[in-house]
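Hi there,

Here is the structure I promised to pass on. Have a look at the backbone first, and then read on for my notes.

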Amino acid sequence: MAVLAPLIALVYSVPRLSRWLARPYYLLSALLSAAFLLVRKLPPLCHTLPTQREDGNPCDFDWREVEILMFLSAIVMMKNRRSMFLMTCKPPLYMGPEYIKYFSDKTIDEELERDKRVTWIVEFFANWSSDCQSFAPIYADLSLKYNCTGLNFGKVDVGRYTDVSTRYKVSTSPLTKQLPTLILFQGGKEVMRRPQIDKKGRAVSWTFSEENVIREFSLNELYQRAKKLSKAGDSIPEEQPVAPTPMAVPEGESKKNK
């Protein structure tokens, strides 16, 4: 098991190996790891190694090496939590009705800049995050209630498009508290986000409930303003940003179920 867990994580990380191999550190670490296993298990090389096993067999791991391998396995599983999560206990994806535009790394900026009168609420999510899976039906319900011509809802998978997470400063670390992240865009610019990020770059705890999203993002006011915009048509001037709540800190492929 001590050897099997790192190998499973390695298999699920194969697509990234090409980038890792370009870095000498990762290549050297992989070679040293393989060399240790080879020397310890392959006769006659292992016969020259000392051992503390009671049976005196030098071609098998002793208790100290087993402890070290178990510790390293825990580290590997923690660092590759996303891969292990997808393999073992991935929750069902939300498949209910919604009115949400799904962005890619190439379409998000273009869509936000297309019509600056349109207000966007964009969720930055990752499929491996259980918090994102729990919030999915809530966000879908909000899109059905509030989506209109001047107020749109979008999502972008930062687990897939890592450059988007970097561009919008949303951490995708396995231990991150920034998933999901909701950002309000007006005039193509970020107005506010939840959760907030403190001065040390850590996410401030925030509950992703329907009531909190409606209150913090002033969805009722945004919706009424957007409806006026759609009724007035092209003659309406460009929409002014809604003032965030006192605690606020400034920080799409489309899919519509039939």
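Helices here are DSSP runs of H or I with at least four residues, strands are runs of E with at least two, and both are numbered from the N terminus. With that in hand, Pro195 can be placed in the loop between strand 5 (189–194) and helix 9 (210–216). Please keep in mind that this is a predicted model.

Pro195 caught my eye for its peptide bond: the link between Arg194 and Pro195 is cis, with omega at about 0°. Leu179 and Pro180 are also joined by a cis peptide bond, and there omega is about -5°. Pro180 sits in the loop that runs between helix 8 (162–167) and strand 4 (181–186).

That loop between helix 8 and strand 4 also holds Lys169. Though not a glycine, Lys169 has a positive phi of about 55°. Is Lys169 buried or exposed? Its relative accessible area is 67%, and exposed means over 50%, so Lys169 counts as exposed.

Ser218 is another non-glycine residue with a positive phi, in this case about 50°. You will find Ser218 in the loop between helix 9 and helix 10 (219–232). And is Ser218 buried or exposed? The relative accessible area of Ser218 is 13%, and the cut-off for buried is under 20%, so Ser218 is buried.

So, when you open the model, the spots to visit are the cis bonds at Leu179–Pro180 and Arg194–Pro195, then the positive phi values at Lys169 and Ser218.

Best wishes

Technical notes: Residues are numbered from 1 along each chain as its sequence is written. This is a predicted model: local features need pLDDT of at least 70, side-chain atom pairs count only at pLDDT 80 or more; totals for chains, interfaces and linings use all residues. Side-chain values use heavy atoms; hydrogens and water are left out. Buried means under 20% relative accessible area, exposed over 50%, partly exposed in between (1.4 Å probe, protein chains only).
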